[in-house]
Amino acid sequence: MIFLSVIHKRLDYYIFRESFSPCYHNGGFARTSLNAQVLQAEMSDKTKKNVWWPDVSTPTAARSARMYGVWAAVFSAVVTAILASWSLGSGKAALELVDVCAFLDVTIFVAVAFGIYKESRFAAVAGLVIFVGEKLYQLAVTATTSGTILAFILAMCYVAAIRGTYALRRFPGE
């Protein structure tokens, strides 16, 4: 029985050794709930993360928010390049809207992605304005609202990039 008690205490020490505080209390080290506090803090950080409105209070978080816009611009460029290539090969406009001239849009969105990656506020705002302008043009020409959900998601990515690039200017020397 004593042997099991010693093993139990030894295992307890190895499992919870970070949770012992350095203060000596009642003949032994006082146990704190450090592990529980760390675990709770990690869980609360995961639950507080908002994908639609990312945190920009630190340089790392602002850079992460900025990358939303980079990936939105890359996605827009890749999809447009695929549709323009299909239009070039078939000789017809893809989806009644995308023709060979869409390679100009690909070039613009690649430049926007690079600009946002380099933390350019102008590129972030230009990406949102160009994207929303193209969606409004698409709505006017086709008179359909197809792709509205994806357009909203990409627009929010550009808004996150704007917030991230402007927030990065608040941190001196970063």
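Glu119 and Arg66 are both buried, a word that stands for under 20% relative accessible area, while exposed means over 50% and partly exposed covers what lies in between (1.4 Å probe, protein chains only). The two residues belong to a predicted model, in which local features need pLDDT of at least 70, side-chain atom pairs count only at pLDDT 80 or more, and totals for chains, interfaces and linings use all residues. Residues are numbered from 1 along each chain as its sequence is written, and side-chain values use heavy atoms, with hydrogens and water left out. Let's take a tour, starting with the charged side chains.

**Salt bridges around Glu119**

- Side chains of opposite charge can pair when their charged atoms come close.
- A search of the whole structure finds 2 salt bridges, each being a side-chain nitrogen of Lys or Arg within 4 Å of a carboxyl oxygen of Asp or Glu.
- Glu119 pairs with Arg63, and their closest N and O atoms are 3.4 Å apart.
- Because Glu119 sits in the loop between α4 and α5 and Arg63 in helix α3, this pair ties together parts that are 56 residues apart in sequence.
- Glu119 also forms a salt bridge with Arg66, with 3.6 Å between the closest N and O atoms.
- That second pair links distant parts of the chain as well, since Arg66 is in helix α3 and Glu119 in the loop between α4 and α5, 53 residues apart.
- Arg63, Arg66 and Glu119 are thus linked in a network of salt bridges.
- Glu119 has 19% relative accessibility and so counts as buried, whereas Arg63, at 25%, is partly exposed.

**Helix α3 and the residue after it**

- Helices (H or I, at least four residues) and strands (E, at least two) are DSSP runs, numbered from the N terminus.
- Helix α3 covers residues 59–90, and its 32 residues should span 46 Å at 1.5 Å a residue; the expected span is 1.5 Å times one less than the number of residues.
- The end C-alpha atoms of α3 are 47 Å apart, which agrees with the expected span.
- Gly91 follows α3 and has a positive phi, near 85°.

**Positive phi outside glycine**

- Glu119 has a positive phi near 70°, although this residue is not a glycine.
- Ala143, also not a glycine, has a positive phi of about 60°.
- Ala143 is found in the loop between α5 and α6, and its relative accessible area of 65% makes it exposed.

**The second largest pocket**

- A pocket is an open set of points on a 1 Å grid over the protein atoms alone, where a 1.4 Å probe fits, with protein on both sides within 12 Å along at least five of seven lines; lining residues have an atom within 4 Å of a point.
- The second largest pocket is lined by 14 residues, and those nearest its centre are Lys135, Leu136, Gly147, Thr148 and Ala151.
- Two elements, α5 (121–142) and α6 (148–168), give two or more residues to the lining of this pocket.
- Helix α5 gives the most to that lining, with 6 residues.

**Cysteines**

- How many disulfides are there by this rule? The count comes to 0, where a disulfide is a pair of cysteine sulfur atoms within 2.5 Å.
- Cys101 is exposed, with a relative accessible area of 60%, while Cys157 counts as buried at 16% relative accessibility.
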